[in-house]
Amino acid sequence: MRWAAPPVSTCAISRPVAPPPRTRSALPSRWRCRKAGPGAEGPPVTEAESGKFRTRLRLVWRGLVANWREVAVAFCLVVPQVVLLVLGLLWLFSHGVMLVWLGFAAACAGVAALLLRRLRAGDVLPAPPPPHPDSAWGPRERAAWEKVQDFITRTPAFSEDTDAARASVTALVEEIARHYGPDAAEPLARFTVPEALLLAERTARRLRVALLQAVPFSHAVTVSTALWWYRRRGLIDLAAKAYDVYRVFRPVVNPLSAVFGELREHVTQDVMAFGAERLRRTITRLVLEETGRGAIDLYSGRLRIDEAKFEAARAGTETTAPPPGPPRILLAGQVNAGKSSLANALAGELRAVATPVPGPEAALVLDVAAAGRPTLRLVDAPGLRGEPGEAEALASLAAQADLVLWVSAANSAARHIDTQALAALRATLAQDRALDPPPLLLAVPHIDRLPPFAEWAPPYDIARPATPKARRIHDAVAAIGADLAIAEADIVPVCLDARKGLYNVDLVWALIAARLEQAQTRQLQRAFAESRQGLDLAQVLRQATTAGRALFSALR
């Protein structure tokens, strides 16, 4: 028995042998019917396409199930608002106050429209304050970051024109490259391949974390599902056109509702345009800031440290971890000023030679690890005598220090040696634009030797001195601070005589702890600067050995 062909208006043409296999489509059944004959639009939907659609539906369902808590929260928040809106409109209509509410809504919409127009006047939008630069950056990096912020203020918000956005990003990278290589022939190419790979890896890691934390369903929706929705973005335009048709015929049904609806539509469009503009500006700032950070790290040479050292020095993007090893604290001052006694007092036990005669010529280095206090590496520099060349030698030691603790005796008025050495030290440190200068603190020992000599009854309030001893200590601290150009907040008077009892050593510890973050920042800057100096011959030897082994294995 032969199978009879269906009418021409159905979905397919019959064959004389057997009925064709039934197909399914992603669209409803009433849309699957195609006109038969030469004018048919496209091939029939296959079972493979139908299976892909079902697969996408399952993926979406799995995403909803995997995030059922978020879906439930959204449902619980949205449904009461919708129910309240419907019931409220019914109540207004039943009590005859619908027109009053519509008038109030129109007035609010008009005020909102005026405020939005004033905000949009001149295209001036309040910009968020720029974020602070990386705490491990030096003066040169901070100057580059200021150029990034200035570039962002001069750049218009990104639009759908990807070429303009790409040009802005390229121009920013070129500006940062010229900042670090103003005389280079090709400043854009002043980086190594491992640096570029490490930068790409860090950027990809940050992007992955941002997606997982801020984008719903990013861990469940596949790329194929996203592409499927993107290809059907035309449905949004179709819905917008249908709504425009509804707006045309709405005045025929209810003219008053149509008038208020158009007012609401106008305000809504202004709000959406305003929000879209702010969103574009925010995206522009985020993209350019991330680009600027990456360019600064790339062209400053900070990525030349191998990955293990880099991750040990900087954990993530914003959080700076303490560098390996304790900060270096340089103890400097004249001979017999009390440097070694202060080192012993900070250490809690005798670690350095402390005698009334001049100390050894070489600087003494000792690690101090007191319980409940940060570990420090004290460098006790040779005492100053005013001899030629010693100020320059001390300045070279200060260049390798993370904090300078100057020691000047309260009972000594001869401070010209201190002022000359500090002037040379400051001049040397100011020449290095890649590093922040180390914090400078001042300890003033021997306050117990100030007159009246028989009085020693600590503690003394030198901010409001009430006794002759306190006034003499106050005057000595003020005079020494003025001569050495050190702020009073960075000065601590101390007594280091064990027979009279240590006094204010805890305040020295507290002052060091308050400047410890600055010291660790400088230590990290020194680590980056030292990594850029010259070639690592040991690393080159390891690379050559590995390459030779690989070549030998290939030729064997």
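## Helix packing and the sheet: a quick chat

Reader: How does helix 4 pass helix 5, in a left-handed or a right-handed crossing?
Author: This is a predicted model, and in it helix 4 passes helix 5 in a right-handed crossing.

Reader: Which residues make the contact?
Author: On helix 4 they include Arg140, Glu141, Lys147 and Phe151, and on helix 5 they include Ser168, Leu172, Glu175 and Tyr180. By class, eight nonpolar, two polar and five charged residues take part in the contact of helix 4 with helix 5.

Reader: And what's the angle between the two?
Author: About 155°, with the axes of helix 4 (139–154) and helix 5 (162–180) 10 Å apart. That angle makes helix 4 roughly antiparallel to helix 5.

Reader: OK, switching to the sheet. What's the strand order?
Author: The order is 2-3-1-4-5-6, in an open sheet of six strands with mixed pairing.

Reader: Which strands stand at the edges?
Author: Strand 2 (364–368) and strand 6 (491–493). Each has a single partner strand, so one side of each has no neighbour in the sheet.

Reader: In what sense do strand 1 and strand 3 pair, then?
Author: Strand 1 (328–333) and strand 3 (376–380) pair in the parallel sense, over four bridges. Arg328 stands opposite Arg377 in strand 3.

Reader: Which strands does helix 14 lie across?
Author: Helix 14 (468–484) lies across strand 4, strand 5 and strand 6, running at about 145° to strand 6. Helix 13 (416–431) lies across strand 1, strand 4 and strand 5, at about 170° to strand 4.

Reader: Last one: where does UniProt put the transmembrane regions?
Author: The unreviewed UniProt entry annotates residues 71–93, 99–116 and 209–230. In the model, residues 71–93 are 100% helix, with the end C-alpha atoms 33 Å apart.

Notes: Residues are numbered from 1 along each chain as its sequence is written. This is a predicted model: local features need pLDDT of at least 70, side-chain atom pairs count only at pLDDT 80 or more; totals for chains, interfaces and linings use all residues. Side-chain values use heavy atoms; hydrogens and water are left out. UniProt positions are given in the numbering used here, feature names are shortened, and annotations may be inferred rather than shown by experiment. Axes are lines fitted to C-alpha atoms, for helices over the stretch in contact, and angles run from 0 to 180 degrees between N-to-C directions. Angles under 35 degrees count as roughly parallel, over 145 as roughly antiparallel, 65 to 115 as roughly perpendicular and the rest as oblique. A crossing is left-handed if the near helix is turned anticlockwise from the far one by less than a right angle, and right-handed if clockwise. Contact means heavy atoms within 4.5 Å. Ala, Val, Leu, Ile, Met, Phe, Trp, Tyr, Cys and Pro count as nonpolar, Asp, Glu, Lys and Arg as charged, and the others, Gly among them, as polar. Two strands pair if DSSP finds at least two bridges between them.
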